[in-house]
Amino acid sequence: MRARLSIRVCGVLAGTALVASAVLGAAAPARAASSAGPSGVGASSAAVENAATGRLLWSRGLNTERPMASITKVMTAFVVIRAGHLDRTITIPSAVIGYVREHNASSAGLRPGDRLSARQLLYALLLPSGADAAYALAKAYGPGLAAFVAKMNAAARLLGMRRTHFSNFDGLPYPTPYSNYSTAANLLVLGRAAMRLPVFRAVVDQPGYRLAAGSGHHAYRWANLNPLIGHYRGAIGIKPGYTRAAGQCLLFEATRNGHSVIGVTLHSPGSIAAISRADAIRILNWAFSHLTLA
């Protein structure tokens, strides 16, 4: 793993209007926190902060650039939601089948030719981490894949995510395993901005979503891959991810006893076979104890 990537973020296309209202208050630079923190955390980079105030409570490798895997889809959803028109109908392109197979990507099982709303596709994107849903949304909202990725990078700049670069819309390791990257500090900014959107919050805290067959589409059932939802009291989101280069990644938020904390882990130990919640739980337990005592 390289500690820092040498990729330079290039200028990106227009998109200022897309996120202008989300920028205010979204991204004060994270301040250094005490090195004393939760024990046993295996992630190479990690951070946790008070979600209400943005005060950093603890961090490790806060500004080290690392691949973020499917946490990328949080920005995909952010761009779509900010663009609006969530009730528009999107026809699933036939290319999603080959795309998922080529990259051995996570899939929501979307059927080419089915017509779903953008709102429904957000569930397919964020719960089972469907690369097919990401493809369909990016193609529709770009319009076109390259234009959509440009909007993602424009949104990142406006949010102050200066050590982030999106090379795709789903976090898969292409064109290289390290071309799509961010930092723990930047991902806390993205998490705060996304969780301010009621539509986003309504999706990511659901254990699952069932869509009955209807006019123009098959029936679907999607389970939330976030290992904290339904297993950690107070967990309300956000998004896990995994690639070989990124390791296990998790952007998360939880609320207990009137306190809300948001955290992230990058390159935690483990494989794609089982998404681990261990690092996040250690961090959350420490953070809530810290806030209660403060």
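Helices and strands here are DSSP runs, numbered from the N terminus. Keep in mind that this is a predicted model.

**Exercise 1. Place glutamate 49 in the fold and work out whether it is buried or exposed.**

Start with the secondary structure: glutamate 49 sits in strand S1, which covers residues 45–50. Next, check the accessibility. The cut-off for buried is under 20% relative accessible area. Glutamate 49 comes in at 2%, so it counts as buried.

**Exercise 2. Find what surrounds glutamate 49, and which side chain its own side chain meets in a polar contact.**

First set aside the neighbours within four places in sequence. What's left in contact with glutamate 49 is Gly54, Arg55, Leu56, Leu57, Leu188, Arg192, Ser260, Val261 and Ile262. Now look for the polar partner: the side chain of arginine 192 makes a polar contact with the side chain of glutamate 49, at 2.4 Å.

**Exercise 3. Describe the largest pocket: its volume, its lining and the strand that gives the most to that lining.**

Take the volume to begin with: the largest pocket holds about 490 Å³ of space. Its lining is made up of 23 residues, and the closest to the centre are Asn104, Ser106, Tyr242, Thr243 and Ile272. Then sort the lining by class, which gives 10 nonpolar, 10 polar and three charged residues. Finally, ask which element contributes most: strand S9 (residues 235–243) does, with five residues.

**Exercise 4. Do the same for the largest cavity: how much space does it have, and which residues line it?**

Count before you describe: the structure has one cavity of 30 Å³ or more. About 40 Å³ of space lies in the largest cavity. Going along the sequence, its lining consists of Pro67, Met68, Ala69, Gly171, Leu172, Pro173, Thr176, Pro177, Asn180 and Thr243. By class that's six nonpolar and four polar residues, with no charged ones. Did you spot Thr243? It lines the largest cavity, and it is also one of the residues closest to the centre of the largest pocket.

**Exercise 5. Zoom out and sum up the whole protein: elements, burial, contacts and surface.**

Begin with the elements: there are nine helices and 11 strands. Move on to burial, where 54% of the 294 residues count as buried. For the contacts, take those between residues at least 6 apart in sequence; 68% of them join residues at least 24 apart. Last comes the surface: the protein exposes about 12,200 Å², with carbon and sulfur atoms supplying 53% of it.

Methods: Residues numbered from 1 in each chain as written. Predicted model: local features only at pLDDT ≥ 70, side-chain atom pairs only at ≥ 80, totals over all residues. Heavy atoms only, no water. 1 Å grid on protein atoms, 1.4 Å probe; cavity = no way out; pocket = protein on both sides within 12 Å on 5 of 7 lines; lining within 4 Å. Points joined across faces, edges and corners; volume = space filled by probe spheres on them. Helix = DSSP H or I, 4+ residues; strand = E, 2+ residues; numbered from the N terminus. Nonpolar A, V, L, I, M, F, W, Y, C, P; charged D, E, K, R; others polar. Buried < 20%, exposed > 50% of the residue type's maximum accessible area, 1.4 Å probe, protein only. Polar contact = N/O pair within 3.5 Å; in protein donor to acceptor, adjacent residues only side chain to side chain. Contact = heavy atoms within 4.5 Å. Areas by Shrake-Rupley, 256 points an atom, 1.4 Å probe, with all protein chains shown as cover.
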